[in-house]
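This report introduces a protein structure to a reader who has not met it before. The sequence and the model are shown first, and the description follows.

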Amino acid sequence: MKTPLLEMKNITKVFPGVKALNNVSFQVAQGEIHCLVGENGAGKSTLMKVLSGVYPHGDYSGDILFGGEIQKFNGISDSEKAGIAIIYQELALVPEMTVYENIFLGNEIKSANGFTVDWNETIKRAVEALKKVRLDVNPAAKVKDLGVGKQQLIEIAKALSKEVKLLILDEPTAALNEDDSENLLNLLRELKNHGVTCIMISHKLREVIAIADTITVLRDGQTICTLDAKKGEVSESVLIKHMVGREIDNIYPSREHKQPGEIVLEVRGWNAYNPALGRDILKDINFNVRKGEIVGFAGLMGSGRTELALSLFGNPDGYRVSGEMYIKGEKKHFGHTSGAISAGMAYVTEDRKGDGLILIQDVKQNISLANLQEVANRGVVNENAEIKVANEYKGSLNIKTPSIEQKVSNLSGGNQQKVSLGKWLFVKPGVLILDEPTRGIDVGAKYEIYTIMTKLVQQGMSIIMISSELPEILGMSDRVYIVSSGKITGELPIEEATQEKIMQLATN
Ligand SMILES: Nc1ncnc2c1ncn2[C@@H]1O[C@H](COP(=O)(O)OP(=O)(O)OP(=O)(O)O)[C@@H](O)[C@H]1O
Ligand SMILES: [Mg+2]
């Protein structure tokens, strides 16, 4: 057998209280696309951080061989020199900087005098790098003005601007729509044809099967198996079985669609104007939500669903909002999220890093954050009460952490999402808005979240679920609204909803 491009041998990495990697061995052949899958907290990101030198030599045990030679990376710049580039789970671009500045950040091209940056050359090379990823944007545009799909491609352009032999992508398509994902996967195939080897982590098993040459499954910090994806023996159910250690037949818990209760939330003639864009981003939105219902909001990314949720929740982000909202028949308008929370609303954001969680605080503090009065006595937080609540949610949401005293920044991506959910469930809202609730969540944990949603509506809560995943919309909703370009273009009872009908209304 040919020497593999990469060989990680018996890697063990311990954090206080957690053995994140336990004697993991992992091989990647030259020129292949190798996918790494496993449940939230299985150790995928950690393994890649060991490889790229984020955790330097000496911080782990075991050996890394790259190109047949033992490597002792002391930091990310060492692995970059060897030809390894990593794109993290959370994008690392600087939003306020331009595209070209971002591409060469940390890798600046110096002028002949050796002191200043050669901007002309930088821009020229940025244009070349953008061409390689077939991205047509102005290199002088600010990154924050581009969508996530484009930002992801800029990250890849940045990697390609160095001589990269092995490209690592940690959940690159988690936040991308179907088109942008397809684009990215095609780009990886093209890079492969040019000899670039690639490791990709993903929870989207369909795309893993579509793109992988080889798949390695991790579970609880150990390698479970490595499968040859080209042999056609790999299916989603096979992968799930290896990932969770048992079979899951139906990832949507069965739900009986009961006669819905009274209307708890009604929105009439809701508009939002974005002064920065100089146009309406929400136009004449009318909808209602009944007690005990899960109402799905389907649509393409960027259709305005998140803006709608935020504007109802009293956090309109600078937009000018007009229209009427009634909660249990009472007219409301929230100037601030605190008003919405006291009126019994909660919103779980799609962007847990943005306003979902305080990363430097621990799990228990984050869970009680939005409902402190429940764990406080006359304004003083009762730590025992806080601990009890946090342990309850740790159990029911199966949050993988050595303790509830762990800082949230130390949890794996999917487990951070679960903490964010726990925080808002503890508010015990009447109306819970979930924005892309299972983004970055593994299949087993998805089932847990769906089960919790089912239980909550049985108890009388109402849920608005914004989701770009049609199977999830169809599997969980009682009723579906479709949003397109800031307007509601249709409403379907679940019996009538199909992927085709929704897609047609979503692209109206
Ligand atoms: N900096 C850290 N400090 C302490 N524990 C950590 C740290 N980073 C990761 N861990 C722990 O190591 C384990 C593996 O985490 P890792 O981020 O590698 O999981 P993952 O497979 O990438 O999961 P996900 O799919 O949710 O992103 C988890 O139990 C996590 O809590
Ligand atoms: Mg991860």
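## Cavity, pocket and domains

The structure holds 1 cavity of 30 Å³ or more. The model under discussion is a predicted one. The volume of the largest cavity is about 40 Å³. Its lining is made up of Phe287, Phe297, Arg305, Leu308, Ala309, Leu312, Ile433, Ile464 and Ile466. By residue class, this lining of the largest cavity comprises 8 nonpolar residues, no polar residue and 1 charged residue. Two elements, α9 (305-312) and β20 (462-466), each contribute at least two residues to the lining of the largest cavity. Of the elements, α9 gives the most, with 4 residues.

The second largest pocket has a volume of about 1100 Å³. Its lining counts 42 residues, and Glu178, Lys204, Arg206, Glu469 and Pro471 are those that lie nearest the centre of the pocket. Two or more lining residues of this pocket come from each of the elements α6 (178-193), α7 (205-211), α8 (236-244), α16 (443-458), α17 (470-476) and α18 (499-506). The element that gives the most to the lining of the second largest pocket is α6, with 5 residues.

The table sets out the two linings by residue class.

| Lining | Nonpolar | Polar | Charged |
|---|---|---|---|
| Largest cavity | 8 residues | no residues | 1 residue |
| Second largest pocket | 17 residues | 12 residues | 13 residues |

How is the chain divided into domains? The domain assignment gives domain 1 (6-244) and domain 2 (263-506). The centres of domain 1 and domain 2, taken over C-alpha atoms, are separated by 30 Å. In the contact between them, 20 residues belong to domain 1 and 18 residues to domain 2. The second largest pocket involves both domains, since its lining draws at least three residues from each of domain 1 and domain 2.

## A residue in a loop

Tyr252 lies in the loop between α8 and β11 (263-274). Is Tyr252 buried or exposed? Tyr252 counts as buried because its relative accessibility is 17%, and the cut-off for buried is under 20%. Apart from neighbours within four places in sequence, the residues in contact with Tyr252 are Tyr447, Tyr450, Pro471, Glu472, Gly475 and Met476. For one of these partners, Met476, the separation from Tyr252 is 224 residues in sequence, while the C-alpha to C-alpha distance is 7.0 Å. Pro471, another contact of Tyr252, is also among the residues that lie nearest the centre of the second largest pocket.

## Cysteines

How many disulfides does the structure hold? The number is 0. Cys198 takes part in no disulfide, and the nearest cysteine sulfur, which belongs to Cys35, is 7.5 Å away. A disulfide requires the two sulfur atoms to be within 2.5 Å, so the distance of 7.5 Å rules out this pair. Cys198 is buried, its relative accessible area being 3%. Cys225 is likewise in no disulfide, and for Cys225 the nearest cysteine sulfur is again that of Cys35, at 13 Å. With a relative accessible area of 15%, Cys225 is buried.

Definitions and conventions. Residues numbered from 1 in each chain as written. Chains lettered and ligands numbered in written order. Predicted model: local features only at pLDDT ≥ 70, side-chain atom pairs only at ≥ 80, totals over all residues. Heavy atoms only, no water. Buried < 20%, exposed > 50% of the residue type's maximum accessible area, 1.4 Å probe, protein only. 1 Å grid on protein atoms, 1.4 Å probe; cavity = no way out; pocket = protein on both sides within 12 Å on 5 of 7 lines; lining within 4 Å. Points joined across faces, edges and corners; volume = space filled by probe spheres on them. Nonpolar A, V, L, I, M, F, W, Y, C, P; charged D, E, K, R; others polar. Domains from an automatic or database assignment. Contact = heavy atoms within 4.5 Å.
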